[in-house]
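Welcome to a short tour of the inside of a protein chain. Please keep the viewer open as you read, so that you can find each residue as it comes up.

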Amino acid sequence: MKIRSRKGFTLVEMLVVIAIIGMLVALLLPALAAAREAARKTQCKNNLRQFFVSVSLHADSDPQERYSTGAYDWQRDGSIDTYGWVADMVNRGAGRPQELLCPSNPSKGSEKLNDYLGVTSIAPKEGGDPAKLDDGASAQFTPAAAAQAPTMIAKHFLDKGFGTNYMTSWFFARTGPALQTESLSGGVRLYYPSNSIVPASKSAIKGLGGSLGPLSRNVVEQGALASSVIPIFGDANVGDAKEAFLEETIPGYEGRGLTRGARLVESFSDGPAARDATGGFQAWGKATEHTVYNSTTTPPTNPIFGVEQPAPGVVWNYPTDWTHLQDYRDLGPVHSGNCNVLFADGSIKEFKDINGDGYLNPGFDVDETSTDPAYFAAVGYTNDTVELPPALIFSGVFIQKDFTKKMNLD
């Protein structure tokens with residue numbers, strides 16, 4: 001009698017094989033996801049390097065050696081196809097930023113696109129030039145043509161490359177705050193002239209009227225800081241809820257993240273803010289005082305220039321003694337909690353969102369004992385963890401040198 005050999009698998013054996021395959025897949029999926037993110041991060045860095053080449057070329061040909069003609073911001077800097085770093089890059093033929101989007105960032109457009117949607121009136125913001133609003137294709141965006149605005153955005157801007165989901169730093173777009181000398185009575189003897197922000201521009205430091213305008217190579221090379229710590233570009237965080245949801249779907253870009261209600265990113269960071277010892281911070285212009293220089297009569301505890309550029313032998317503790325820091329909440333940790341930042345020397349550094357709150361904190365105080373959800377919603381940061389070390393990135397106000405000299409008014 002012949003004994004038949006068994007063929008095939010038993011149910012138990014099949015289940016064991018399936019279980020093993022499932023375990024292998026579970027082990028491989030995180031590795032595959034990590035590999036995909038590593039590729040996206042590399043692509044993002046390559047985009048930033050191309051941006052650096054473009055702004056460097058602009059500085060080579062600009063009479064003032066400026067890296068750009070301004071920010072990607074219609075109402076502050078002018079038509080986005082004529083002014084700003086995006087327009088500079090496209091019009092020079094150095095690349096099309098709309099085709100160089102960060103692949104890891106779920107937001108695929110700038111909140112500045114909303115400026116063109118539902119136009120009811122056109123007016124410049126914070127020292128912007130009214131004539132620049134009507135340059136380029138922006139002249140076609142009128143109240144009468146508001147219904148066609150989404151189609152015109154696609155045709156005149158995005159299809160031609162005038163789009164981005166990256167942000168620039170306030171330093172890149174504005175260099176520094178505008179200052180004016182204040183007169184003092186009584187023949188007071190000073191070591192420094194008493195200076196302050198121009199009163200009319202206190203609340204407009206993000207605009208051209210309250211700032212020095214686009215950053216130049218000359219300022220970087222002759223400034224007080226190493227170019228390796230001056231940030232100029234970075235991965236962008238989402239904009240404020242009141243203005244960073246796309247108001248209308250952009251035809252042809254539905255499958256590319258530009259549908260109505262999609263979150264949009266910031267164009268550039270807000271600039272310096274006054275630290276608030278009780279928790280959080282105050283936007284520039286809303287604080288009671290911005291002490292820039294020191295004097296012998298009423299010496300402030302920590303004037304901005306004195307802290308950021310201390311005299312030999314003087315030590316200020318960071319961030320405890322700093323009255324102002326950059327509002328870097330607009331930097332987005334979109335690469336699995338990391339953010340790529342491009343610096344003025346062409347280097348790229350990664351900064352990690354250590355506490356996972358979605359923001360990068362240069363050293364602002366946070367009241368961790370608060371039980372008010374509205375407080376944390378307004379501040380953003382959940383604790384005081386410094387995620388932007390001062391040795392790697394500058395978070396103060398002045399990148400230009402303290403150019404004053406001692407004065408004797410006797």
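What volume does the largest cavity have? About 40 Å³. Please bear in mind that the model is predicted.

## Two cavities

Searching the whole structure for cavities of 30 Å³ or more gives two. The wall of the largest cavity is made by Asn302, Pro303, Ile304, Val307, Glu308, Trp322, Thr323 and His324. Helix H8, residues 304-308, contributes three residues and gives the most to this lining. By class, the lining of the largest cavity holds four nonpolar residues, three polar ones and one charged one. With Asp, Glu, Lys and Arg counted as charged, Glu308 is a residue to highlight in that lining.

The second largest cavity holds about 30 Å³ of space. Its lining residues are Met167, Ser169, Pro231, Phe233, Gly234, Tyr328 and Leu331. Strand S4 supplies three residues, the largest share of this lining. The classes here are five nonpolar, two polar and no charged residues.

## From S4 to the enclosed strand S8

Strand S4 also leads us into a sheet. S4 covers residues 231-235 and runs antiparallel to strand S8, with three bridges joining the two. In this pairing, proline 231 is set opposite phenylalanine 343 of S8. Proline 231 also appears in the lining of the second largest cavity.

How many of the six residues of S8 are buried? Six of the six are, so S8, residues 338-343, is largely enclosed by the rest of the structure. In a regular strand, side chains alternate between the two faces of the sheet. In S8, Asn338, Asn340 and Leu342 point one way, while Cys339, Val341 and Phe343 point the other way. Residues of both sets are buried.

S8 has another antiparallel partner, strand S9 (residues 348-352), and five bridges hold this pairing. Valine 341 faces lysine 349 of S9 across the pair. Four residues lie between S8 and S9 in the hairpin that these strands form. In the turn, glycine 346 has a positive phi of about 90°.

## A mostly covered helix

Helix H5, residues 149-157, is mostly covered, with seven of its nine residues buried. Which residues of H5 are buried? They are Ala149, Pro150, Met152, Ile153, Ala154, His156 and Phe157. As a general guide for reading such a list, an α-helix has 3.6 residues a turn, so residues three or four places apart point the same way.

## Salt bridges, buried and exposed

Across the whole structure, the search finds 14 salt bridges. Here are three of them, with the closest N to O distance for each.

| Acidic residue | Basic residue | N to O distance |
|---|---|---|
| Aspartate 73 | Arginine 76 | 2.8 Å |
| Glutamate 99 | Arginine 96 | 2.7 Å |
| Aspartate 327 | Arginine 329 | 3.0 Å |

How are these partners placed with respect to the surface? A residue counts as buried under 20% relative accessible area and as exposed over 50%. Aspartate 73 is buried because its relative accessibility is 1%, and arginine 76 is buried at 7%. The pair of aspartate 327 and arginine 329 can be read in the same manner: aspartate 327 has 5% relative accessibility and counts as buried, and arginine 329, at 18%, counts as buried too. For the remaining pair in the table, arginine 96 is partly exposed with a relative accessible area of 31%, whereas glutamate 99 is exposed at 55%.

Aspartate 73 and arginine 76 also belong to a network of salt bridges, in which Asp73, Arg76, Glu111, Lys112 and Glu126 are linked.

## Serine 110

Our last stop is serine 110, in the loop between helix H3 (85-92) and helix H4 (130-133). Is serine 110 buried or exposed? Its relative accessibility is 1%, so serine 110 counts as buried. Leaving aside residues up to four places away in sequence, serine 110 touches Tyr72, Thr164, Leu264, Val265 and Ser267.

Conventions: Residues numbered from 1 in each chain as written. Predicted model: local features only at pLDDT ≥ 70, side-chain atom pairs only at ≥ 80, totals over all residues. Heavy atoms only, no water. Buried < 20%, exposed > 50% of the residue type's maximum accessible area, 1.4 Å probe, protein only. Pairing = 2+ DSSP bridges. Salt bridge = Lys/Arg side-chain N within 4 Å of Asp/Glu carboxyl O. Contact = heavy atoms within 4.5 Å. 1 Å grid on protein atoms, 1.4 Å probe; cavity = no way out; pocket = protein on both sides within 12 Å on 5 of 7 lines; lining within 4 Å. Points joined across faces, edges and corners; volume = space filled by probe spheres on them.
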